[in-house]
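Reader: Could you walk me through this model, starting with how far to trust each part of it?

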Amino acid sequence: MMHSLGAAIFVTSLTVVFVFNVDLVNADDVCHKTLPARNVPTMDRSRVTQKILSAKVKNEMKWSEIAAKIGRSKEWTTAALLGQMTLSREQASIAKELFDLTDEETAWLQIVPFKGSFGSTPVPSDPLIYRWYEMINVYGTTIKELIHEEFGDGIMSAIDFSMKIDREQHPKGDRVNVVLSGKFLPYKDY
């Protein structure tokens, strides 16, 4: 006999209430019946990313070295191999050799990925990624205001976009210098 409780999260301005979803399975059902199997794909883009990261660690590779072989910036190459960009056939072929990928894994590198590295986590828990979240949380409205004041009503593209990350020498400790450059895309009147 199988029982199920409902699940929901209710949020109001003052209260958060959690209701958990629990399946209760009778031991006789497990012993005498076969529970439905879950279809798990043998390969997907996230598994390819994990294989790439494993090979990178095992072979003590650097992103800058990998990027030089792929023929793109270290920033774009890192994003691509972490599952956020689509590689060309030639780039994927190089990655295949670098990371000892199968034909199927190489094909996954050439499929447009589901973009967004945070997944379903509402607030990232990794400290470095959280700081970027924090920066946008604190300075996002400032950035928005200054872009609108300078350019008008529109957005900064993350498609027609480039990024450069460098170490900047500083007497109080080296600094991370990040330059984000995105095309301004104005909203159209219609």
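Reader: Over which residues does pLDDT stay under 50?
Author: This is a predicted model, in which local features need pLDDT of at least 70, side-chain atom pairs count only at pLDDT 80 or more, and totals for chains, interfaces and linings use all residues. Residues are numbered from 1 along each chain as its sequence is written, and side-chain values use heavy atoms, leaving out hydrogens and water. Where pLDDT (the predictor's confidence in each residue, from 0 to 100) is low, the predicted coordinates should not be read in detail. The model has 36 contacts (heavy atoms within 4.5 Å) beyond four places in sequence for the stretch in question, residues 1-37.

Reader: Which element has the highest mean pLDDT?
Author: Elements here are DSSP runs numbered from the N terminus: helices (H or I, at least four residues) and strands (E, at least two). The protein's mean pLDDT is 83, with 78% of its residues at 70 or more. Strand β3 (residues 16-19) has the lowest mean, 41, and the highest, 98, belongs to helix α5 (residues 89-99).

Reader: How are α3 and α4 oriented to each other?
Author: Their axes (lines fitted to C-alpha atoms, for helices over the stretch in contact, with angles from 0 to 180 degrees between N-to-C directions) come within 8 Å and cross at roughly 95°. W63, S64, I66, A67 and I70 of α3 meet K74, T77, T78 and L81 of α4. Angles under 35 degrees count as roughly parallel, over 145 as roughly antiparallel, 65 to 115 as roughly perpendicular and the rest as oblique. The two helices are therefore roughly perpendicular.

Reader: Why is α3 oblique to α5?
Author: Helix α3 (residues 63-70) packs against α5 with axes 9 Å apart. Among the residues in contact are I66 of α3 and I94 of α5. α3 is oblique to α5 because of their packing angle, about 135°.

Reader: At which residue does α7 bend?
Author: The bend is the angle between axes fitted to the seven residues ending at a residue and the seven starting there. Helix α7 (residues 127-151) bends by about 60°, and the residue is Y139.
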